[in-house]
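The exercises that follow ask you to work through a structure step by step, with a solution after each task. Please look at the sequence and the model before reading on.

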Amino acid sequence: MTTTTTGRRRRLAALVTVAVVTVWSAGGGVAFADDPPGSTSSSPPPAIDSNAPGLMLPDGATLAPAKVLDIKQIVEEEGGEQRREDTNVDVTFALQAEVLFGKNSAKLSPAASTRIRAIAAEVRTQGSGRVRVFGFTDNLGTYEHGLKLSKERAVAVQQVLARELEPGTAYDIRGYSEDYPIADNRTEEGRKKNRRVEISFPRTVPPPAAP
């Protein structure tokens with residue numbers, strides 16, 4: 001088996017490309033989900049001519065406001081230990097807690113620093129002067145304990161980043177407990193994905209091509 005084939009098997013990639021979402025409604029509004037923590041998307045929506053014949057709206061329908069969604073590319077290691085999400089405006093790395101910490105601990109494992117330093121190298125590549133470090137837990141235990149643990153884990157990761165990045169780098173450090181899950185907390189597999197630390201920062205270099 002070639003190295004290229006092995007690399008592809010080790011990584012699962014999902015590419016989602018959305019340019020503009022235009023929704024019509026017949027007498028009702030359209031609700032969009034709130035942006036997740038750390039989102040920096042600020043692209044203005046395009047001008048839409050509601051009278052354009054090409055829209056072919058049903059009788060009585062009206063246009064809801066247009067919304068621009070960023071091009072998004074997600075690459076996840078097999079097993080989900082590390083996930084990278086690229087958009088037009090920022091880069092986000094999500095590291096599962098198990099690859100960084102012991103159970104119910106905020107003390108970094110020996111292997112954790114290597115992963116965090118690799119992310120710091122990407123921050124330097126992008127020339128980013130601001131980094132967001134957010135911690136999350138699953139829904140086991142109390143919400144208050146989750147807040148404390150997720151914040152302590154975010155701080156631990158930020159301390160490693162601070163040793164690698166420019167002294168003037170600004171940090172936004174938060175703990176969100178069980179808020180903003182990315183998987184189903186009813187299963188251990190889902191809870192494992194939700195126990196994570198996310199590192200995100202603005203991008204200056206175009207996103208990488210999809211595998």
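A pocket is an open set of grid points with protein on both sides within 12 Å along at least five of seven lines, and its lining residues are those that have an atom within 4 Å of a point. The model used throughout is a predicted one.

**Exercise 1. Describe the second largest pocket, and follow one of the residues nearest its centre into its surroundings.**

Solution. Begin with the volume of the second largest pocket, which is about 340 Å³. Next, take the lining, which consists of 15 residues, with Lys103, Asn104, Asp138, Arg153 and Arg195 lying nearest the centre. Sorted by class, this lining has 6 polar, 5 charged and 4 nonpolar residues.

Now follow asparagine 104, which is placed in the loop between strand 8 (90–96) and helix 2 (112–126). Its phi is positive, at about 60°, although the residue is not a glycine. The side chain of asparagine 104 is in polar contact with that of histidine 145, at 2.8 Å.

Histidine 145 belongs to helix 3 (residues 143–164). Because its relative accessibility is 37%, and partly exposed covers the range between 20% and 50%, histidine 145 counts as partly exposed. The C-alpha atoms of histidine 145 and serine 177 are 7.7 Å apart in space, while the two residues are 32 apart in sequence.

**Exercise 2. Classify the aromatic pair of phenylalanine 93 and phenylalanine 201, and say which parts of the chain it ties together.**

Solution. The structure holds 4 aromatic pairs. A pair of aromatic rings is described by two quantities, the distance of the centres and the angle of the planes. For phenylalanine 93 and phenylalanine 201 these are 6.3 Å centre to centre and 20° between the planes, and the pair is stacked, since planes under 30 degrees apart count as such. Phenylalanine 93 lies in strand 8 and phenylalanine 201 in strand 11 (residues 196–202), so the pair ties together parts that are 108 residues apart in sequence. Both phenylalanine 93 and phenylalanine 201 are buried.

**Exercise 3. Repeat the analysis for phenylalanine 134 and tyrosine 176, and then place them in their aromatic cluster.**

Solution. With 5.4 Å centre to centre and 80° between the planes, phenylalanine 134 and tyrosine 176 form an edge-to-face pair. Since phenylalanine 134 lies in strand 9 (residues 130–136) and tyrosine 176 in the loop between strand 10 and helix 4, the pair ties together parts that are 42 residues apart in sequence. Both of these residues, phenylalanine 134 and tyrosine 176, are buried.

The next step widens the view to one aromatic cluster, formed by Phe134, Phe136, Tyr176 and Tyr180. Of these, tyrosine 180 is found in the loop between strand 10 (170–175) and helix 4 (188–194), and its phi is positive, near 60°, in a residue other than glycine. Tyrosine 180 has a relative accessible area of 41% and is therefore partly exposed. Phenylalanine 136, for its part, has arginine 196 over its face, at 3.8 Å from the ring centre.

**Exercise 4. Which residues line the largest cavity, and which element gives the most to that lining?**

Solution. The structure holds 1 cavity of 30 Å³ or more, and the volume of the largest cavity is about 60 Å³. Its lining is made up of Glu76, Gly80, Arg83, Ala94, Leu95, Gln96, Ile182, Lys193 and Arg196. Strand 8 gives the most to this lining, with 3 residues. The class count for the cavity lining is 4 charged, 3 nonpolar and 2 polar residues.

**Exercise 5. Is each of glutamine 82, serine 113 and asparagine 88 buried or partly exposed, and what lies across from it?**

Solution. Glutamine 82 lies in strand 7 (residues 82–87), and because its relative accessibility is 16%, it counts as buried. Its side chain is joined to that of arginine 115 by a polar contact of 3.0 Å.

Serine 113 lies in helix 2 and is buried, with a relative accessible area of 18%. Its C-alpha atom is separated by 9.0 Å from that of leucine 161, a residue 48 positions away along the chain.

Asparagine 88, in the loop between strand 7 and strand 8, is partly exposed, with a relative accessible area of 41%. Asparagine 88 and proline 202 are 9.1 Å apart in space, C-alpha to C-alpha, and 114 residues apart in sequence.

Note on methods
Residues numbered from 1 in each chain as written. Predicted model: local features only at pLDDT ≥ 70, side-chain atom pairs only at ≥ 80, totals over all residues. Heavy atoms only, no water. 1 Å grid on protein atoms, 1.4 Å probe; cavity = no way out; pocket = protein on both sides within 12 Å on 5 of 7 lines; lining within 4 Å. Points joined across faces, edges and corners; volume = space filled by probe spheres on them. Nonpolar A, V, L, I, M, F, W, Y, C, P; charged D, E, K, R; others polar. Helix = DSSP H or I, 4+ residues; strand = E, 2+ residues; numbered from the N terminus. Buried < 20%, exposed > 50% of the residue type's maximum accessible area, 1.4 Å probe, protein only. Phe/Tyr/Trp six-rings, centres within 6.5 Å; stacked < 30°, edge-to-face > 60°. Lys NZ or Arg CZ within 6 Å of the ring centre and 35° of its normal. Polar contact = N/O pair within 3.5 Å; in protein donor to acceptor, adjacent residues only side chain to side chain.
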